[in-house]
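Please read the following note alongside the sequence and the model. The points are numbered so that each may be checked in turn.

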Amino acid sequence: MIKSVLIANRGEIAVRVIRACAEAGIESIAVYSTADEDSMHVQIADRAICIGPPTPSESYLSIPSIISAAEVSGADAIHPGYGFLAENATLAEVCVNHGIVFVGPTAETIESFGNKSIAKNMAQNAGVPTVPGSEGALDAPEDAAEIADRIGFPVVVKASAGGGGRGMRVVQSAKDLKDSVAAAMAEAKHAFGNGDVYLEKYLEEPRHVEIQILGDTHGNRIHLGERDCSIQRRHQKLLEESPSPALDDSLRLKMGEAALKLAEAANYVGAGTVEFLLDRTGEFYFIELNARVQVEHPVTEMVTGVDVVRQQLRIADGEVLGISQDDVRMNGHAIEFRINAEDPDMDFMPEAGTIAMYSPPGGPGVRVDSHLYTGYTVPPNYDSLLGKLIVWAPNREEAMNRGERALKEFVVGGIKTTIPFHLKVLNNAFFRKGDVYTNFIARRLLSE
Ligand code: ADP
C-alpha cells in the first residue's frame with residue numbers, strides 16, 4: 001500500500017499531485033531547490049525537503065538527490081510529474097532497485113518511447129499508421145535525399161531523442177537537405193547526447209489530436225477520448241480542448257482503437273498519451289507517445305470526470321482499473337488556456353519577477369491549476385508555465401464564452417502573461433468555427 005509519495009517536481013504539477021494525494025489520504029512529500037523555498041508546493045505538502053541549488057541538474061534533475069530525499073523521508077513512491085525526470089528510464093529503474101514505487105510506466109517502456117524513431121517503428125509493427133518517412137534513424141546525411149524524393153518536400157528532420165518542440169527542422173527543398181540533416185545531427189548530439197535523427201513528411205496544416213490512455217498492471221487498458229492541441233506556438237501547445245471539433249464518433253472510435261493497439265503491443269502500464277497528426281481528409285498518423293501525465297490532462301478530467309492523477313496513483317499501487325471502456329462518457333466541452341510568464345508582444349519572451357496581485361477567476365465551470373499567490377516571486381530558472389485555466393460548459397460555444405469571461409476576470413499583476421493572447425484566439429472567427437491547425441497562430445494571429 002502506498003502511504004506516502006515524494007513529488008519529484010515543482011510548480012503547478014507538484015501542486016496538482018499533492019492535491020491528488022491529499023484526496024486519496026496519502027502523505028505528500030515535496031522536494032525543492034533553494035530558488036523554490038517560498039513556492040506553493042512546499043507550503044501545501046505534508047512535508048518538504050530541500051534537494052539543492054536552483055540549477056536543475058543539481059536538484060530537480062539529480063537522481064541521487066531525489067532518491068536520498070525519498071530514503072530519508074521513507075517515501076513509498078515517487079511521482080515525477082511531467083518534464084524534469086518524468087521520462088527518465090534510469091530513475092524508474094533506480095526506484096525499483098531501492099524498493100520505491102515509480103508512479104509511471106516501466107523503465108523499459110520509458111526507454112523505448114523516449115526514442116521517437118523506435119517508438120514509430122513500434123507503432124508501425126502494431127499496425128498503427130505513421131507519417132511517411134525514413135525507416136528509423138538515418139545512417140548518414142547522404143541517405144536523406146532518396147527518402148525525401150520518395151515522400152516529397154517539405155520534410156521535417158526530427159531528433160530521435162527530442163521533445164517539447166525541440167529538435168525539429170523543416171526543410172523546404174532538396175538543396176538544403178544534406179546540410180540541414182548534418183546540422184540537426186550535430187545539434188541533437190549536443191542537446192540530447194544522442195545524434196540520431198529521422199526524416200518525416202512535413203504535413204501541411206494538420207491538427208494535433210492526442211488520445212489519453214490508462215493501463216493497469218492486470219492488463220486492463222482504456223482510453224479517455226481525445227484532446228485537440230492544434231493551437232501551438234513554435235510546435236509548443238498553448239491551448240487545448242476536448243472534444244476535438246474535428247472528430248465524430250466514428251473517427252474517435254478509430255483513433256481510440258489505434259492508441260489502444262499500440263498500448264497493447266507495448267504492454268503499457270500507467271497513464272500515457274498517444275499523439276497523432278490528423279489531416280483534412282480524416283487520415284491520422286502517430287507521431288509519439290508521452291509516457292507520463294501531460295500538462296493538458298485536466299481537459300480530459302473535465303469531460304470524462306476521471307481523475308487522471310488519482311488513477312496514476314491507483315495503478316502504481318497495483319489496483320485494478322475501476323473503469324471499463326463502456327463506462328467512459330464524454331460530457332460537454334472543456335478548454336485549457338496555458339498561462340505562461342511570457343510577453344506575447346515581445347515574441348513570447350519569458351518573464352520573471354514578483355506577482356504584485358493574483359486573483360484567479362471562479363464561478364461555474366472554472367478550474368485553475370496554479371502555484372501562484374500574491375507576492376510570489378517567479379524564479380528565472382525554470383519553465384514559464386504559471387498555471388492553467390480550464391473551463392467546462394455543455395458545448396463548445398458556451399465553453400468559449402465562459403473562457404472569455406474567466407480570462408477577463410483573471411488578474412496576474414506585475415508580470416506579462418499569455419492571458420491577452422488567449423483573448424485574441426477566442427475572438428478569432430476561424431477559431432470560433434473550430435477551423436484550427438498546428439500553424440494557426442503563425443498564419444492567423446501573428447501575421448495580422
Ligand atoms: P515533441 O516531442 O517535441 O513534442 P512532436 O513529434 O510531438 O514533438 O511534434 C510536436 C509538434 O510539431 C506537433 O504537434 C506538430 O505541430 C509538429 N509536427 C511534428 N511532426 C510533424 C509533421 N510530420 N508534419 C507537420 N507538423 C509536425
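1. How many bridges join strand S11 to S14? The model examined here is a predicted one. In this model, S11 (residues 236–242) and S14 are joined by four bridges, and the two strands run antiparallel. One pairing to locate is that of serine 242, which stands opposite alanine 334 in S14.

2. Strand S14 also pairs with strand S21 (residues 385–393). This pairing is antiparallel and extends over eight bridges. Within it, arginine 338 has lysine 388 of S21 as its bridge partner. As general background, the strands of a sheet pair through backbone hydrogen bonds, in either a parallel or an antiparallel manner.

3. Are the residues of S14 buried or exposed? The strand covers residues 333–340, and eight of its eight residues are buried. In a regular strand, side chains alternate between the two faces of the sheet. On one side of S14 the buried residues are His333, Ile335, Phe337 and Ile339. On the other side they are Ala334, Glu336, Arg338 and Asn340, so that both faces are covered.

4. The end of S11 deserves a second look. Serine 242, the residue opposite alanine 334, is joined to proline 243 by a cis peptide bond, with omega about -5 degrees. Proline 243 itself belongs to the loop between S11 and helix H9 (249–265).

5. A further cis peptide bond leads from phenylalanine 153 to proline 154, with omega near -5 degrees. Proline 154 is placed in the loop between H7 and strand S6 (155–163).

6. Helix H7 comprises residues 144–151 and includes glutamate 146. Why does glutamate 146 count as exposed? Its relative accessibility is 67%, and the class of exposed residues begins over 50%. Glutamate 146 also takes part in a negative surface patch, together with Asp139, Asp143 and Asp149.

7. Two residues other than glycine should be inspected for their positive phi values. Glutamate 205 has phi near 50 degrees and is found in the loop between strand S8 (197–201) and strand S9 (207–215). Its relative accessible area is 18%, so glutamate 205 is buried. Phenylalanine 348 has phi near 60 degrees and is found in the loop between strand S15 (342–343) and strand S16 (349–350). Phenylalanine 348 is buried as well, because its relative accessible area is 8%; the limit for this class is under 20%.

8. The loop between S15 and S16 also contains proline 344. With a relative accessible area of 17%, proline 344 is buried. Which residue, 74 residues apart from proline 344 along the chain, has its C-alpha atom separated by 6.2 Å from that of proline 344? The residue is threonine 418.

9. Finally, the student should trace the open sheet of five strands, whose order is S3-S2-S1-S4-S5 and whose pairing is parallel. Its edge strands are S3 (47–52) and S5 (101–102), each of which pairs on one side only. Strand S4 (residues 77–79) pairs with S5 in the parallel sense over two bridges. In this pairing, isoleucine 78 stands opposite phenylalanine 102 of S5. The parallel sense of this sheet may be set beside the antiparallel pairing of S14 with S21.

Definitions and conventions. Residues numbered from 1 in each chain as written. Predicted model: local features only at pLDDT ≥ 70, side-chain atom pairs only at ≥ 80, totals over all residues. Heavy atoms only, no water. Patch = residues over 30% accessible without salt bridge, like charges linked within 9 Å, V, L, I, M, F, W, Y side chains within 5 Å. Areas by Shrake-Rupley, 256 points an atom, 1.4 Å probe, with all protein chains shown as cover. Salt bridge = Lys/Arg side-chain N within 4 Å of Asp/Glu carboxyl O. Lys, Arg positive; Asp, Glu negative; His and termini not counted. Charge placed at Lys NZ, Arg CZ, Asp CG, Glu CD. Buried < 20%, exposed > 50% of the residue type's maximum accessible area, 1.4 Å probe, protein only. Pairing = 2+ DSSP bridges.
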